[in-house]
Amino acid sequence: MKERLQKVIASSGVTSRRKAEQLIVDRRVRVNGKIVTELGTQVDPQRDRLEVDGRIIQTEPKRTYLFYKPRNVITSAADPHGRKVVTDYFQQLSVRVYPVGRLDYDTEGLLLMTNDGELAYRMTHPRFEIEKSYLAQVEGIPKQAIVERLERGIELEDGLTAPAKVSVVQVRQHSALIRLVIHEGRNRQVKRMCEAVGHPVIKLKRERIAFLRLEGLKPGEFRALTSEELQRLRRL
Ligand code: URA
């Protein structure tokens, strides 16, 4: 639904209606990248991108979802090769949400989707040390010494990994299922760690972020976080 620009700016909490009008006149407001100077310009707060002094203002209600990302889906909002992307699953929502961090194309599991920039920042910045738990099926059966090396930290090309919690969950004939709990979020981190100790990953699933788990969801399904969960996340 379209509304007057100054009203949308004011209701996002940036400033009062009167001051919002002044911001527009002063050429400090952009709509979808273009400076707008006409008071009363109609905008759609759910679709249009509004900026004041180059800063995006949040005009939509904040929404955060827990999504079970299936394998063979790209963690992105668009793919030049036309492959399936995570936002395809959220088309029916009235707000646009984006992935928080990323999972590889062939990794399945828990992915948060949100339009709340502050929450996304807190969940991905290493400073907040949010725990993520992965189940990895790896080639071969890692010995205790390997498990301890993974726990202490592995020297990768982008530096030593932080201490992790690692356990062997199940041993099969030529492979094993291991659980790795890490709080960094480097690119392909779990796969690179396992590769570095001679146990390449065959399959990978993220089963937990902080206290959030996939329970009750099948691949491709999502649910909104409850207000208690959101509060707990903000307190982490
Ligand atoms: N580590 C990986 O190697 N891949 C992922 O998708 C997530 C963590």
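The following exchange concerns a predicted model and its ligand, strands and salt bridges.

Biologist: How are residues numbered, and which pLDDT does a local feature need?
Modeller: Residues are numbered from 1 along each chain as its sequence is written, and side-chain values use heavy atoms, with hydrogens and water left out. In this predicted model side-chain atom pairs count only at pLDDT 80 or more, totals for chains, interfaces and linings use all residues, and local features need pLDDT of at least 70.

Biologist: Which helix gives the largest share of the shell around the ligand?
Modeller: The residues around the ligand, each with a heavy atom within 4 Å of it, are Leu103, Asp104, Thr107, Tyr134, Arg188, Gln189, Val190, Lys191 and Leu204. By class there are four nonpolar, two polar and three charged residues; Ala, Val, Leu, Ile, Met, Phe, Trp, Tyr, Cys and Pro count as nonpolar, Asp, Glu, Lys and Arg as charged, and the others, Gly among them, as polar. Helices (H or I, at least four residues) and strands (E, at least two) are DSSP runs, numbered from the N terminus. The largest share, three residues, comes from helix 5 (residues 189–196).

Biologist: What percentage of the ligand's accessible area does the protein cover?
Modeller: A backbone N or O atom of Asp104 lies 2.8 Å from an oxygen atom of the ligand, and an N or O atom in the side chain of Thr107 is 3.0 Å from a ligand oxygen. A backbone N or O atom of Arg188 lies 3.3 Å from an oxygen atom of the ligand. Of the 240 Å² of accessible area that the ligand has on its own (Shrake-Rupley method, 1.4 Å probe), the protein covers 96%.

Biologist: How many residues of strand 14 are buried?
Modeller: Two strands pair if DSSP finds at least two bridges between them. Strand 10 (residues 132–139) pairs with strand 14 (residues 175–182) in the antiparallel sense over eight bridges, and six bridges join strand 13 (residues 165–171) to strand 14, also antiparallel. Buried means under 20% relative accessible area, exposed over 50%, and partly exposed in between (1.4 Å probe, protein chains only). Strand 14 is mostly covered, and of its eight residues the buried ones number seven.

Biologist: Which residue of strand 14 stands opposite Val168?
Modeller: A hairpin joins strand 13 to strand 14 through three residues. The bridge partner of Leu135 in strand 14 is Arg179, while Val168 stands opposite Ile178.

Biologist: How many residues apart in sequence are the parts that Glu108 and Arg71 tie together?
Modeller: A salt bridge is a side-chain nitrogen of Lys or Arg within 4 Å of a carboxyl oxygen of Asp or Glu, and the side chains of Glu108 and Arg71 meet in one (3.0 Å, N to O). Glu108 lies in strand 9 (residues 107–114) and Arg71 in the loop between strand 7 (64–69) and strand 8 (98–99), so the parts tied together are 37 residues apart.

Biologist: Is Arg192, the salt-bridge partner of Glu157, buried or exposed?
Modeller: The closest N and O atoms of Glu157 and Arg192 are 3.6 Å apart. Glu157 is in the loop between strand 11 (155–156) and strand 12 (159–160), and Arg192 is in helix 5, 35 residues apart. Glu157 counts as exposed at 72% relative accessibility. At 11%, Arg192 counts as buried.

Biologist: Which strands are the edge strands of the open sheet with the order 3-2-5-6?
Modeller: Four strands form this open sheet, and the pairing is antiparallel. Strand 5 (residues 50–52) pairs with strand 6 over two bridges, and Glu51 has Ile56 in strand 6 as its bridge partner. Each edge strand pairs on one side only, and these are strand 3 (34–35) and strand 6 (55–56).

Biologist: What is the relative accessible area of Arg27?
Modeller: Most residues other than glycine have a negative phi. Phi of Arg27 is nevertheless positive, near 60 degrees. Arg27 lies in the loop between helix 2 (17–25) and strand 2 (29–31). Arg27 is exposed, and its relative accessible area is 53%.

Methods
A polar contact is a pair of N or O atoms within 3.5 Å; within protein, one must be able to donate a hydrogen and the other to accept it, and residues adjacent in sequence count only if both atoms are side-chain atoms.
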